[in-house]
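Biologist: I should like to learn how to read a structural model, feature by feature. Could we take the general idea in each case and then turn to the example at hand?

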Amino acid sequence: HEAMSSTVYALIDCNTFYASCEKLFRPDLKNAALVVLSNNDGCVVALSKEAKELGIKRGVALFQITDLIKKHRVEVFSSNYELYGDLSRRVMQVLSRFAPEIEVYSIDEAFLNLSGMRRQDLNAYARQIQQAVVKSTGLAVSVGIGETKTLAKLANKIGKKYKGYQGVFNITAHPKLDEIFKSFNVSDVWGIGFQHTKKLVKNRILSIHDLINAEDAWIKKNLTARGLLTVMELRGISAIPLERAVKNKKTILSSRSFARPVSTKNELAQALSFHAAQAA
């Protein structure tokens, strides 16, 4: 067993997080198509894999899919961010046991620093992480492992896309790395947004393989210095460190739309005090 000298990161994220949180408390809906709506119940913000298979997309307005919901008996939930936040904290507490350094990237994602672990042990370790999260929270997670954060993100996408991997993919020193890079588009790269994708495609840089082999000067000029860091990461050079300190928020919002007109000051005061406490 040869210890690894390079950096290794794992990106763990919860599968269909909001929908899975709702299903935890409705075991009868385990295999049901389910959508979660925005605060004002106007559009879909999250959905289960069964709902995705029906062709429902995130962001679609509820009125546009009313017939589809009735036809396939899709379960509809209003968003419950208190529930999602509580379950997120539990997941992150479990993940913090598996690495000395953790970056909570979003409500359902975290990076772990696994540098120094033996390469042969990484897949087994990822399975341990999956089992621990399920045991403690009931939620399923996918684990992507790579020498950099950007590669770990890509590995996570692969682990989710192909069922045979069962939610775990390790891209470190992968024997078919070149084939992987040729089979994924630049739009699949973490940090390459819509505008940069348009620019890359216009310049015939279509796959990750094309992007990795582009000239550094051109990348920096067209994708900025941040884009060059992303490409360096795709080449296996760790250039984007973990952010362990939570950045100060410029704004904090706790908001709901009332389901019906409010006609008493007492009812309004209760809502205001609740949301003030949540924001605090």
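The dialogue below takes up the sheet, the cores, a helix and the cysteines in turn.

Modeller: Please keep in mind throughout that this is a predicted model.

Biologist: How are the strands of the open sheet ordered, and which strands form its edges?

Modeller: Strands of a sheet pair through backbone hydrogen bonds, either parallel or antiparallel. Here, an open sheet of three strands runs in the order β3-β2-β4, and its pairing is mixed. Its edge strands, β3 (44-47) and β4 (75-78), each pair on one side only. From one strand to the next, the twist averages 30°.

Biologist: In which sense do β2 and β3 pair?

Modeller: The two strands β2 and β3 are antiparallel, with three bridges between them. One residue to locate is L37, whose bridge partner in β3 is V44. Helix α1 packs on this sheet, where α1 touches β2, β3 and β4. The direction of α1 makes about 110° with that of β2. The hairpin of β2 and β3 has six residues between the strands, and D41 takes a positive phi near 60° there.

Biologist: Which residues have the most contacts inside the largest nonpolar core?

Modeller: That core has 38 residues, and those with the most contacts inside it are I12, F17, L95, L112, L114, I129 and V143. Several elements each supply at least two of its residues, including β1 (9-14), α1 (17-24), β6 (109-113) and β7 (141-146). Helix α4 gives the most, with seven residues. To see one member in its surroundings, take V143: leaving aside neighbours within four places in sequence, V143 is in contact with A10, L11, I12, A126, I129, Q130, N156, G167, V168 and F169. Apart from this core lies another, of 23 residues, among them L154, F169, L211 and L234.

Biologist: How should I read a helix, and why is α6 described as largely enclosed?

Modeller: An α-helix has 3.6 residues a turn, so residues three or four places apart point the same way. In this model, α6 has 13 residues and reaches 18 Å from its first C-alpha to its last, close to the 18 Å expected at 1.5 Å a residue. Because 10 of its 13 residues are buried, α6 is largely enclosed by the rest of the structure. The buried residues include L151, A152, L154, I158 and G159.

Biologist: Is T150 of α6 buried or exposed, and which residues does T150 touch?

Modeller: T150 lies in helix α6 (residues 149-161). Its relative accessible area is 1%, and therefore T150 counts as buried, the cut-off being under 20%. Not counting residues up to four places away in sequence, T150 touches V189, W190, T230, E233, L234 and I240.

Biologist: How many disulfides does the structure hold?

Modeller: A disulfide is a covalent bond between the sulfur atoms of two cysteines. The structure holds zero disulfides. C21 is in none, and the nearest cysteine sulfur, that of C14, is 7.2 Å away. C21 is buried, at 0% relative accessibility.

Biologist: Why is C43 unable to form a bond with the closest cysteine?

Modeller: The sulfur of C43 is 18 Å from the closest cysteine sulfur, in C21, and that is too far for a bond. C43 is partly exposed, at 25% relative accessibility.

Conventions:
Residues are numbered from 1 along each chain as its sequence is written. This is a predicted model: local features need pLDDT of at least 70, side-chain atom pairs count only at pLDDT 80 or more; totals for chains, interfaces and linings use all residues. Side-chain values use heavy atoms; hydrogens and water are left out. A nonpolar core is a set of buried Ala, Val, Leu, Ile, Met, Phe, Trp, Tyr and Cys residues joined through side-chain atoms within 4.5 Å. Buried means under 20% relative accessible area, exposed over 50%, partly exposed in between (1.4 Å probe, protein chains only). Helices (H or I, at least four residues) and strands (E, at least two) are DSSP runs, numbered from the N terminus. Contact means heavy atoms within 4.5 Å. Two strands pair if DSSP finds at least two bridges between them. Axes are lines fitted to C-alpha atoms, for helices over the stretch in contact, and angles run from 0 to 180 degrees between N-to-C directions. A disulfide is a pair of cysteine sulfur atoms within 2.5 Å. The expected span of a helix is 1.5 Å times one less than its number of residues.
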